[in-house]
Amino acid sequence: MGLTRPQFKIITLFALLTLGGVFPVQADENALHRAQFGSQSTLLAVIIDFERYRNGLGDRHLHQQLDTHLTRFRQHFETLSSIQPRLAEARRAALKQQWQRVARRLGAWLVTIEQGGFIDQEITYQYQEEMTAFWDQLSTQTSSSGLITPSEESILLLQHSNLRYLNAHWKLAPYAHHHLTELVALLDRQVQILQPRTTDLQRKWALLKRALLQEDRSMGFIVNRYSGDLIELLEPPLTTDF
């Protein structure tokens, strides 16, 4: 008997998310930097994509976008696991196991959503707890080098703001205790630091800032569209959309 479409998707997803064995290798500082920033940014993109996919009731375009960011995350995470000089073998194994727990739940949810099923609130809470724990461990490993650039910091802050806009229950380090308005204020100051930049960046940020601060959350389209546009303008090209 052949596989059904949902079964095929979840098997493909698990194959994508199951990380192979990683072995420490020598790497230059730039490669480590790219892996550190790429791991954080693409993981945030995955969390954001899933929130959009769940809210969009299984939109195919959103599923494709999520697949893309899952692939990129795996690439960055495997590279980071291989070249991070301070990441001991036991820590690598723990991070890998932690991610695979989250990935299995995420994969099952994608099939549930596609089939029109209901996701219990308690399961949602458990997923957020597991993903938050994984993020905490990952960000601890990737934030200690001090290599992040102002543009990259702005991208991560923008992603945190976007995620908080989509779901106020997401409170990830280092902004777990910041309200959305505080995140927007921090990002506004960060964008000003990056001047001079293109007028397109300033124009789009002004519109996005207004949308993020709209109390009735009625400008979700602007948030989704202009967040991606700003990331493209902020660079680097490794994670230009989410």
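Two rings of Phe, Tyr or Trp, the last taken by its six-membered ring, count as an aromatic pair if their centres lie within 6.5 Å. By that criterion, a search of the whole structure, which is a predicted model, finds nine aromatic pairs.

**Aromatic pairs**

F77 and F134 form one of these pairs, with an edge-to-face arrangement: the ring centres are 5.6 Å apart and the planes stand at 90°. F77 belongs to helix 3 and F134 to helix 5, so this pair ties together parts of the chain that are 57 residues apart in sequence. F77 and F134 are buried.

W109 and Y127 form another pair, this one tilted, at 4.9 Å centre to centre and 50° between the planes. Here W109 lies in helix 4 and Y127 in helix 5, so the pair joins parts that are 18 residues apart in sequence. W109 and Y127 are both buried. Ring pairs also link W109 and Y127 with F50 and W170, which gives a cluster of F50, W109, Y127 and W170.

**Nonpolar core**

The largest nonpolar core holds 58 residues, and those with the most contacts inside it are L43, W99, M131 and F134. The elements that give two or more residues to this core are helix 2 (29-55), helix 3 (60-83), helix 4 (89-114), helix 5 (121-142), helix 6 (150-166), helix 7 (180-193), helix 8 (199-213) and helix 9 (220-234). Helix 2 supplies the largest share, 11 residues.

Which residues does L43 contact, leaving aside its neighbours within four places in sequence? The partners of L43 are F73, W99, M131, F134, W135 and L138. F134 thus appears both in the contacts of L43 and in the edge-to-face pair with F77.

**Helix 4**

Helix 4 has 26 residues, and at 1.5 Å a residue it should span 38 Å; the end C-alpha atoms are 37 Å apart, which agrees with that expectation. Just after helix 4, G116 takes a positive phi of about 80°.

**Salt bridges**

The count of salt bridges comes to eight. Three of them are set out below, with the N to O distance for each.

| Salt bridge | N to O distance |
|---|---|
| R54 and E51 | 3.2 Å |
| E130 and R105 | 3.0 Å |
| D229 and K204 | 3.2 Å |

R54 and E51 both lie in helix 2, three residues apart, which means that about one helical turn separates them. Is E51 buried or exposed? E51 has 2% relative accessibility and therefore counts as buried, because the limit for that class is under 20%.

The salt bridge of E130 and R105 connects two helices: E130 lies in helix 5 and R105 in helix 4, so the pair ties together parts that are 25 residues apart in sequence. E130, at 22% relative accessibility, counts as partly exposed.

In the third bridge, D229 of helix 9 meets K204 of helix 8, and the pair links distant parts of the chain, 25 residues apart. D229 and K204 are both buried. These two residues also take part in a network of salt bridges that links D200, R203, K204, R225 and D229.

**Links between helices**

Helix 5 recurs in the pairs described above. F134 of helix 5 is paired with F77 of helix 3, Y127 of helix 5 with W109 of helix 4, and E130 of helix 5 with R105 of helix 4. Helix 5 is also among the elements that give two or more residues to the core.

Conventions: Residues numbered from 1 in each chain as written. Predicted model: local features only at pLDDT ≥ 70, side-chain atom pairs only at ≥ 80, totals over all residues. Heavy atoms only, no water. Core = buried A, V, L, I, M, F, W, Y, C linked by side-chain atoms within 4.5 Å. Buried < 20%, exposed > 50% of the residue type's maximum accessible area, 1.4 Å probe, protein only. Helix = DSSP H or I, 4+ residues; strand = E, 2+ residues; numbered from the N terminus. Contact = heavy atoms within 4.5 Å. Phe/Tyr/Trp six-rings, centres within 6.5 Å; stacked < 30°, edge-to-face > 60°. Expected span 1.5 Å × (residues − 1). Salt bridge = Lys/Arg side-chain N within 4 Å of Asp/Glu carboxyl O.
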